[in-house]
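Subject: Structure handover

Hello,

Here is the structure I said I would pass on. My notes on what turned up follow below it.

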Amino acid sequence: LFFRKPSSRRDAHGCDLPPSPPSLPVIGHLHLILSSLVHKSFQKISSNYGPLLHLRIFNVPIVLVSSASVAYDIFRVHDLNVSSRGSPPFEESLLFGSTGFISAPYGDYFKFMKKHLVTKLLGPQALERSRLIRTNELERFYINLLDKATKKESVEIGKEAMKLSNNSICKMIMGTSCLEEKGEAERVRGLIIESFYLTKKFFLAFTLRGLLEKLGISLFKKEIMGVSRRFDDLLERYLREHEEKPDNEHQDTDMIDALLAAYRDEKAEYKITRNQIKAFLVDIFIAGTDISALTTQGTMAEIINNPNIFVRIREEIDSVVGKSRLIQETDLPKLPYLQAVVKEGLRLHPPTPLMVREFQEGCKVKGFYIPASTTLVVNGYAVMRDPNVWEDPEEFKPERFLASSRLMQEDEIREQALKYIAFGSGRRGCPGANVAYIFVGTAIGMIVQCFDWRINGEKVDMKEAIGGLNLTLAHPLKCTPVARFPKPF
Ligand code: HEM
């Protein structure tokens, strides 16, 4: 009586919806994903029923994708159709609101902001301009660990790595001086941490927004607006300071200058609002800081559990960098094994295991019909552990990412590339991948180059948990550094 097969809905050409596991009345498939590790529940469903499924949570239709081959078909043929994420439930909030960048539909506002994001912050030339900021922050990270080593104190790798990425991003966006004087980076970090505690609630409100709107309920609005207001105070103060700088201090190369100029210019190519600038900054802080730190933590945990990998990274760094200076980001291209280790860390422990989009129009995928407004969930965790395309998918084997000598057809290369989907794909793929590789690569490089590590017990416990919406270790990695060199660099 309770389980029912979904009615087979078809399009005008007689095409079926993708297959669907048995569902319950009213709640649909909710009971199948109630565990705290939703990506694992999704992975289990797809290993039982297939890599392309149609699910329903209450009245919300979802298409779940769990293989490289289906992800390839979607991003190759339907990328534009899935380049929006659906409108968020809180219009006026800077945090998770509709003025944000991450939730913006693929259109003029999104393209305008993305152009500035790439040219002024995350593109290769912008990254070259801000290199000194990251070099100084890496040095600070090193000095801090050295201090802990002298005092024989343990550190939480995730927390320390978060300081590194947060300080770097804040300074890349907001400049060095104002931050150091007033401790603004600390304040931003506090707000980001609070935001992470709210992401799960936001996701629930987002998924059920249609139903909640009909019932006149605005779930979690008060808490989310509270954090939004505090972000607003901080960013408004910062924008005003930026506007009040004497003209000769404006270099006109920084992203905020360019956005404020567009805000003031009546004839700008896109007329942005002040709220849009602030919501955009909130999104960059949230997207860029904790996720890089979680990657550093997960990857370091694997390295500590695999001492032979630790030794091989150190040997590579010693042969390229030597023993008389600290690793720098310009060394990374000459350190292929270290890069492979970071990629393997992201494959096994993707901090954002689920990617959520929305089909704007009805379409066909692998011969199945997908109606317009269906939510798309790509389970990157399952794709990157798919036994059909990865050898020993559960093992930490960085060598798999070292250049292969086999020549592949262009299509095969793209399909193979989509089996590694840690940064998503297509127009809405992560624009921060390059800087993320720098943060994680230099952090891990320095940690291995300069310190040995002691842990409590034989092995790091790799049990997973979800913090906010991100995948993390259930027990934060705590270990004690032992300085390798008698004198600091
Ligand atoms: C290891 C670190 C990181 C990982 C694993 C990661 C992963 C991702 C993923 C999976 C997405 C969704 C992509 C999709 O829907 O296809 C995303 C989006 C995004 N990421 Fe990252 N990211 C990282 C670091 C960063 C950094 C450092 C920044 C910026 C400073 C950043 C900025 C963004 C932005 C703005 C978006 C939204 C893009 C859009 O909506 O078009 N990310 N990221």
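C430 counts as partly exposed because 18 C-beta neighbours lie inside 10 Å of it, and a residue needs 20 or more to be called buried. Please keep in mind that this is a predicted model.

The reason for starting with C430 is the record: UniProt, in an unreviewed entry, places the feature "binding site" there. C430 sits in the loop that runs between α17 (410-417) and α18 (433-450). Setting aside residues up to four places away in sequence, C430 touches F423 and G424.

Next, the ligand. The shell around the ligand holds 26 residues, and C430 is among the closest, together with G288, G424, G432 and A436. Three elements give two or more residues each to this shell: α12 (274-288), α13 (290-305) and α18. Of these, α12 gives the most, with four residues. Sorted by class, the shell has 16 nonpolar residues, eight polar ones and two charged ones.

Last, the core. The largest nonpolar core has 115 residues, and the members that touch the most others are V65, A71, I173, A443 and I444. α18 gives the most to this core, with eleven residues. So α18 gives residues both to the ligand shell and to the core. Taking A71 as an example, its contacts beyond four places in sequence are V65, V378, V383, L418 and I421. In soluble globular proteins, nonpolar side chains tend to be buried together.

Regards

Methods
Residues are numbered from 1 along each chain as its sequence is written. This is a predicted model: local features need pLDDT of at least 70, side-chain atom pairs count only at pLDDT 80 or more; totals for chains, interfaces and linings use all residues. UniProt positions are given in the numbering used here, feature names are shortened, and annotations may be inferred rather than shown by experiment. A residue is buried if 20 or more other C-beta atoms lie within 10 Å of its own, exposed if 12 or fewer, and partly exposed in between; C-beta atoms are placed from the backbone. Two residues are in contact if their C-beta atoms, placed from the backbone, lie within 7 Å. A residue is near a molecule or strand if its C-beta atom, placed from the backbone, lies within 6 Å of it. Ala, Val, Leu, Ile, Met, Phe, Trp, Tyr, Cys and Pro count as nonpolar, Asp, Glu, Lys and Arg as charged, and the others, Gly among them, as polar. A nonpolar core is a set of buried Ala, Val, Leu, Ile, Met, Phe, Trp, Tyr and Cys residues joined through C-beta atoms within 7 Å.
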